[in-house]
Amino acid sequence: MDIKKLNQWGEWCIWFLNPLLLLLGIYSEASKTNNILLWFGKLHPLVLHFPIVFGIGIVIYFLFFQNKPLEENKEKVVLVGNSLMASMVALLGLFLSKQDTYDTVTLNLHKWGGLSIAFISWSFIYIKKIPNSYKKIIALIYLFVLLFFTHQGALLTHGENALSIPTPVVVAEEIKTVDSSFTVYEKAIAPILTQKCLSCHGPEKVKGNLQLQSPELIVKGGKDGNILNAIQNEEALLLQRIHLPNADEKHMPPDGKLQLTLEELTLLTKWVKAGGNFTKKISEMAKTDSLAILAMAYKAPTKAVSGSKNTAPDLKEYNSSYLTVNYLFNGSDEIEVNFFQSSFYKKEQLSRLVKIKDKIVSLNMQGMPLTKEDLAIIVQFTHLKKLNLNYTKLSLNDIQPLKTMTSLKNLSICGMELNQNSLTKFLEKAPFSEIHIWNNHSNEKEFEQLSTNYKKIKIIIGDNLDAEIIKLTSPIIEQDSSIIVTSLDVVVKHFLKGTVVRYTTDGSDPDSLSSPIYTKKLHFTKNTVLKTKAFKPGWISSDIAQKTFYKSDIHPDTIYFVTNPDKKYPGSGAKTLTDYELGEQNFSNGKWLAYRDTTMKFIIGFKQTIHLKEAHFNAFVDNGAYIFPILSIIIEGSNDGKQYKKLNEAKFPSLEKTDVVRENKSFSCTIPAGASFKFYRFTLLNLKKLPKWHPGKGTPAWIFVDELFLN
Amino acid sequence: MNEFLEHGLNQNRRKFLSKLSLGIGGLALGSLMIPGLFDASNEEELFANVLPHFAPKAKRVIYLFQNGAPSQLDLYDYKPMLQKMHGQDLPASIRNGQRLTGMTANQAKFPLVGTKFNFAQHGTSGAWFGETIPHIASMSDDLCIIRTMYTEAINHDPALTFFQTGAQVGNRPSMGSWVSYGLGSENKNLPAFCVLLSKGKGNGQGVYSKLWNNGFLDSIHQGVQFSSGEEPVKYLTDPEFIDRGDKRKILDEIASLNQEAYKNIGDPEIVTKIQQYELAYRMQMAVPEITSLQNEPESIVKMYGPECLAPGTYAANCLLARKLSENGVRFVQLYHQGWDSHGNLPTELMGQCKDVDRPSAALIKDLKQRGLLDETLVIWGGEFGRTNYCQGALTKDNYGRDHHPRAFTIWMAGGGVKPGVYGETDDFGYNINSLPVHVHDFHATVMHLMGIDHERFTFKHQGRRFRLTDVAGKVVNEIIS
């Protein structure tokens, strides 16, 4: 093939490969590979030496042979070939990195080093005509990058001592029997180190120049020196490293590797703090020595878990809409299970969990319709620590088998029928340390004796308030409107079962004997004051709930303001007063008219003369918001709309200092019989000066009015 | 590119561009090997496998927010000094020129107010409680009382927003949304984050839906507000002529249409919509079962107080909170309005306490007797405290207190907190003497109790990783058991 063509093909390949390389490099964590690519990855150590040799050759060429350059096309073959190989090697390296777990810091260095080699090699093709001195500088940088970063690769595969003289390796002997004649080191420390540390600090890899497989090597320490002794005020190096936060770069074991458990952490700490002794036997130590106790109790995992990936099974298959099965936390081996919504409970869901029974430590089956068969399944979950069987319909007899579950510490059986005798029997030889037995009729006295008998078990009985006598809440009058146009239905409610609501409509207070009992909705056709009160045996009867309903059978033909309301509360003009819509509790909702600096005055007019008997105003009173009751209502009548005659005035008490009011109130004024008019003028006076005790003393009070009812 | 350089590099634009097409081929091949490279953020999914970071002490939270800021000086932080100096001016050395609100900054005098209420010590920690909250006081041995909370905001809305979202501006996700995002729902038939509102008779301050907003998180994490009526979740019941099978079919059809739209447009909100319809469908079954309070035994009714049967009261919300929490809702957020006693404090406080005292204590007792308190964290507190001096006129038995962000009291119970009293304020209850707890610290601690490292729990939005604790917050290890 023509040499030019060859170069061109080579260049094209590189242009394809290098962007790919960059992309995979950046997203190397996220990228996925298949087995074939992984196999290609294995070629990385095989081919990586080619571009190193080529690269060094090119450096020498750039440094020393620029006065005798190769013929252009030949030179390009060398440069393109080198670049192509560098890129290939880097790509294979990326595949290889997926295969095994390496020290992430070194791996990252190597990865980016490799990529820069590929890219510098690439640039060589295009810097042909720049001055020689620049080329030499680039060549030197290239040489450094080449040697330094490829050495990182060697560290990855051969351990940190790749270039130092080999030392003989001693593997800790396997411990065959377990009794107190062993040292703490043999019983606990060595197994921990073997399982969690030796993969990097052992016979195979020697990171940081540290090996931990024998006492001599441990004492020898690593590149930062001794690891067991506290230096001045600092903790021993070993303890420093294992106690650093996981995210810290120097934390051991490194993030991603199998971590120390709390127990192992404690053991290592206590052992190092006690002097890191290799020879003292457990039997020689004090029986109360916590280190000895921990060491005796320590059970090395039977199978060392290899690799850094969480090998715990995926729990997705066990989960459903009505059942959650989760690890307690990320990296935990322990599982908690919650069942929800009894109507969807199926026994199969529970029996499926048997597959993971040894990992379940917490089970919540509150409210599930369980049978004895279900319980037989639960009993198989021998590692269960916490069990919630509140309101499950099981009886105390049914749950006897739970007593065989030695790990079960916390049991809740709220709602279960039980008495002192049955519970005494149940708690005999039970493994529990806490039991919740609340139900709505148990009381403390009944179980007092039990608590003293079983001091080790915390028996939580809960509160029973049956005997306490408290006050009922008032009935709820369910009718938003208080205006009777022709007639109005009113519903009265009380939420507590067994409560009797009595009512009156004549203004008197309801009593427990003679007042009628509310049974069906009430039907009102005239002005009514409805008073209701709730009664129930064993309870104090409620306060009175009352509401006034106004018949409003007269509707004026016209209504207009004499004085305008405050700008902030204009309602929807004068017709607000006769729109049959009440403003309710919220005085800034636009359904209210308010006056403060001016006196409220308005006129209603009819086409025919009419005799008014009574006018009711619905107003809002809230002393916290400076809204006081209407002081007085003056009604005047006129037939020509010019000359008005005073008909009546009604005055109302203001508030006392102790009053805290925030409610709708009605203010009425009657009109003496005898006269009929076409026009009526209303004047509503507000308090001009708030009293001294009020925070706004001296300033005028507001009045808020939303409706006028006429009779 | 200048010609000299172009020549030196032996490369020109045409060659570069034509070869770049090969590079794009390389990129395309590479992208095949990186699943999800061009997908929208899938951080969410990653979290599901990573959280909790460590063993959680609390699986669920019930936050009894006392909106408007209850007076710590009349409830928890007993200061005999204030009674001794009643009516005298607040020493300038104590106030130290610190800012006040616009409501009292112009007052000529700042007369100190000793509480009108009697205090007594309760429980083994000897914590002080005012006489208006006897039931809460009786739970003293379960309470972890923090007397040295402090915040940065001095007005309700920013302070409330700060407590709920970790920032004073209202565009960040609420605490409950973060928890929903990080831990998901325990019970798939209920939202992970529920909100319940109630109103006291005292001077009220508004609560707005931004407080339980999802911010930049997916809107599925928004708090679901239960309404105060008899039907806590509106529009959940089907019309009579639609049975559940039909409903299923309708939803499946809508979902397939939405799927189609998502394929075309790719808006993640469409996926959220599908999920929300599904959740609502499952809630149709779950919610009525949980929210019907009528079946509660009478002794429970008495425990929470008979108001607990009237929907929309604080008592009812406490009872509902217990039921939701018991059924796996991660975060139940209550708000009780009416604590903003600028004037008439004694009367208003009594009214508020009457609403709150019995149900708050009942909630703890109830969780405890069911064996749930150890895994449920109950929090009680407002957005700041109230001043030791009087706002408005001070009379023999009436006074008001202004906002005070520099030291106030909240308490927590259950969920892995250590009962006792934490921190100490000065004799005037104005400044913190020792062990201050900032709002960020509080958030960090709550997250820690739920098994979350607040520093690692982030969401990337507009180029920045956000946390509930922003760039601050220390876990208060001393209050963790």
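**Two chains, strand by strand**

Let me start inside chain B, where Leu64(B) stands opposite Trp380(B) in strand E8(B); strands here, marked E, are DSSP runs of at least two residues, while helices are H or I runs of at least four, and both are numbered from the N terminus. What you have in front of you is a predicted model, in which local features need pLDDT of at least 70 and side-chain atom pairs count only at pLDDT 80 or more, whereas totals for chains, interfaces and linings use all residues. Residues are numbered from 1 along each chain as its sequence is written, and chains are lettered from A and ligands numbered from 1 in the order in which they are written.

Staying with that strand, E8 covers residues 376-381 of chain B, and six of its six residues are buried, where buried is taken as 20 or more other C-beta atoms within 10 Å of the residue's own, exposed as 12 or fewer, and partly exposed as anything in between, with C-beta atoms placed from the backbone. The cover extends to both faces, with Thr376(B), Val378(B) and Trp380(B) on one side and Leu377(B), Ile379(B) and Gly381(B) on the other. In a regular strand the side chains alternate between the two faces of the sheet.

Which strands pair with E8(B)? Strand E1 of chain B, residues 60-66, pairs with E8(B) in the parallel sense over six bridges, and strand E11 of chain B, residues 408-414, is joined to E8(B) antiparallel by four bridges; pairing here requires that DSSP finds at least two bridges between the strands. Within E11(B), Ala413(B) is the bridge partner of Val378(B).

Val378(B) deserves a further word, since leaving aside residues up to four places away in sequence, Val378(B) touches Ile62(B), Leu64(B), Leu363(B), Ile364(B), Met412(B), Ala413(B) and Gly414(B), a contact being a pair of C-beta atoms, placed from the backbone, within 7 Å. Together with Ile703(A), Phe704(A) and Cys144(B), Val378(B) touches the most other members of the largest nonpolar core, which has 175 residues; such a core is a set of buried Ala, Val, Leu, Ile, Met, Phe, Trp, Tyr and Cys residues joined through C-beta atoms within 7 Å. The largest share of this core, nine residues, comes from helix H14(B). Apart from it lies another core, of 37 residues, including Ile335(A) and Phe339(A).

A smaller motif in the chain is the hairpin of E2(B) and E3(B), with four residues between the strands and a positive phi of about 75° at Gly123(B) in the turn. Four bridges join E2, residues 119-122, to E3, residues 127-130, in the antiparallel sense, and His122(B) has Ala127(B) as its bridge partner.

Turning to chain B as a whole, there are 15 helices and 17 strands, and 51% of its 481 residues count as buried. For chain A, the secondary structure comes to 16 helices and 23 strands, and 35% of the 711 residues count as buried.

How many residues does each chain give to the contact between them? Chain B gives 60 residues and chain A gives 55. On the side of chain B, the largest share, ten residues, comes from H2(B), and by class that side has 23 nonpolar, 25 polar and twelve charged residues, where Ala, Val, Leu, Ile, Met, Phe, Trp, Tyr, Cys and Pro count as nonpolar, Asp, Glu, Lys and Arg as charged, and the others, Gly among them, as polar.

In chain A, an open sheet of four strands runs in the order E16-E23-E18-E21, with antiparallel pairing. Strands E16 (593-595) and E21 (662-670) of chain A stand at the edges with a single partner strand each, so one side of each is left without a neighbour in the sheet. Three bridges join E16(A) to E23(A), residues 703-710, and Tyr595(A) has Ile703(A) as its bridge partner there.

Finally, Gln546(A) lies in strand E14 of chain A, residues 545-551, and is partly exposed, with 18 other C-beta atoms within 10 Å. Not counting residues up to four places away in sequence, Gln546(A) touches Val529(A), Leu530(A) and Lys531(A), while its C-alpha atom is separated by 9.4 Å from that of Ser474(A), 72 residues apart along the chain.

Terms used:
Contact = placed C-beta atoms within 7 Å.
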